[in-house]
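Please look at the model shown here with its strands in mind. Which questions can be settled from the way they pair and from how far they are covered?

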Protein chains: 2
Amino acid sequence: MTAFARSLAVLWCSASLSAVAADATPRTMGELLERSAAGDWRALDPENTLYLQLDTGRVIIELAPAFAPRHVANIKALARGHYYDDLAIERVQDNFVAQWGDSTGKKPVGAAARTLPAEFTRAVSPSLPFTVLPDRDGYAASVGFTDGMPAARDASGTRTWLAHCYGTLGVGRDLDVDSGGGTELYVVIGHAPRQLDRNITVAGRVVRGMELLASLPRGTGALGFYEKPHEGVRIRSVRVAADLPPAERVPVEVLRTDTPLFTQLVELRRNRADDWYKQPAGYIDLCSVPLPARISATSPAG
Amino acid sequence: MTAFARSLAVLWCSASLSAVAADATPRTMGELLERSAAGDWRALDPENTLYLQLDTGRVIIELAPAFAPRHVANIKALARGHYYDDLAIERVQDNFVAQWGDSTGKKPVGAAARTLPAEFTRAVSPSLPFTVLPDRDGYAASVGFTDGMPAARDASGTRTWLAHCYGTLGVGRDLDVDSGGGTELYVVIGHAPRQLDRNITVAGRVVRGMELLASLPRGTGALGFYEKPHEGVRIRSVRVAADLPPAERVPVEVLRTDTPLFTQLVELRRNRADDWYKQPAGYIDLCSVPLPARISATSPAG
């Protein structure tokens, strides 16, 4: 096995970290995370965590109520009404998105709404932290991270929105901006389609289980839709984590993005310092910044 | 089915284009490509085309001898010696790469070399066309396209290299810069890992069949290596297209990147003009520019 890009592995579990001397300067993300304290991590809020259960496993999604409050509430209402259960992933377009829901628009939405006013951007607020990325971005005046989500701001500093990176969860819509509501959801499975930013409502991001979506067979129809109903990938259920007994939840923690450790991580990735890299980039684009997640080591279920 | 991102579909076959009035200004890539002339396309050179044959289908790779002459020659020598046949894709790391070859380093390479001096960058030359992307890039002084490949140049305009985008083919190496040679190859299956640029030899790009690599199960070992030998995805063969009888070749054409039509395509993607987009980006990053391929309509095999 070559050492090709050994340092690039995104760590999903602190147990996989190798030992590092406490007095050495961390040269890789793994070494840095080994130094992290409990306070560098944040447990997901079960009330804003979705479990998308497939036959192959569980995809864990963190919702972003600060950016799409009405859509997040509606997606939770749909989940709580078991709307998504036994629907299917209907579309997997290579290097773009996996999309699930009811494209026929026929399944009753119960107490939830079918469509909602767009939540493409929101006002900047002192309540929203924003760890600015030092590097320039082509799609926005400034970019960075808000509560663990890749985010952007406009030149006037008054509007903010979540960016489309690998793993971003969005709300499918038709031509009308207000035609989405959560009955169709998509996750980015390829190179960041940043041109979607500010054109569609972003509702969160996948923090675990991306490989279950990204490895699905691509649809052969237009836009990657599966052409035959039996090709659709069955959704067993979508649940709000808070609605499951604690023993059935996964105690996921994500790295906080408002800490000195995270700033150090960004710098380590802007300029790789390990033995493999000979020409550090001196730059990192928003969607290349890793957002580590792990299973809580202190939880009995971990 | 929502119209979500209907215009984003990368077209692989001109047959899928819908009709458009000849006098209307094209608003989408599909409409633009329908206007393309035969001269806007370029047939792949069979001598620099590789067929990676899996049980699930054929991945078609265009090699880049202008950027990595010695590595391309060596990869062809390995293919012609049937080196890759019955080896396996040993590593599929989510949002990063699929990698194949012989990680044990034991299989004889025959007349080929096992390692070669690095070909990370090369001198700019008048013989190399370079269609400059109008937008700035964070990883290089300027970026654009050389003979259909995403490429970059340094600030002095004297060195150039191929960029790591979705579909890029690279030559795995160990810590030493001269430790690669083609016995292990990888293809990018996720968000563009541009930090690899100038750190490793790029030998070409996949022009068809990416979905066969990108949908493979992810390896559960370190760096996405499959943990058990039986998990490896068998490679039936790797052949240089020129070595196959013409009837067994796929007559792929790729869109030329040195034409007014391509410049128009880039502009159409920088500022989407169809009904779905409400907020055109006014920007496009190098790896978001589509590089259409199609099966030649005039070939009997098409």
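The questions and answers below concern strands of chain B in this predicted model.

Q: Which strands of the open sheet of 3 strands in chain B stand at the edges?
A: The order of this open sheet in chain B is β1-β15-β16, with antiparallel pairing. A strand with a single partner has one side left without a neighbour in the sheet, and this applies to two strands, so the edges are formed by β1 (41–43) and β16 (293–295) of chain B.

Q: Which residue of β16(B) is the bridge partner of B:Val252?
A: Strand β15 of chain B, which covers residues 252–255, pairs with β16(B) in the antiparallel sense over 3 bridges. On the β16(B) side, the partner of B:Val252 is B:Ile295.

Q: How many residues of strand β12 of chain B are buried?
A: Buried here means under 20% relative accessible area. On one side of β12(B), B:Glu184, B:Tyr186 and B:Val188 are buried, and on the other side B:Leu185 and B:Val187 are buried as well, which leaves both faces covered. Strand β12 (residues 184–188) of chain B is therefore largely enclosed by the rest of the structure, the count of buried residues being 5 of the 5.

Q: Which residue stands opposite B:Glu184 in β12(B), and which opposite B:Val187?
A: β12(B) pairs in the antiparallel sense with strand β5 (residues 97–101) of chain B over 5 bridges, and with strand β11 (residues 168–171) of chain B, also in the antiparallel sense, over 3 bridges. Opposite B:Glu184 stands B:Gly101, and opposite B:Val187 stands B:Leu169.

Terms used: Residues numbered from 1 in each chain as written. Chains lettered and ligands numbered in written order. Predicted model: local features only at pLDDT ≥ 70, side-chain atom pairs only at ≥ 80, totals over all residues. Heavy atoms only, no water. Pairing = 2+ DSSP bridges. Helix = DSSP H or I, 4+ residues; strand = E, 2+ residues; numbered from the N terminus. Buried < 20%, exposed > 50% of the residue type's maximum accessible area, 1.4 Å probe, protein only.
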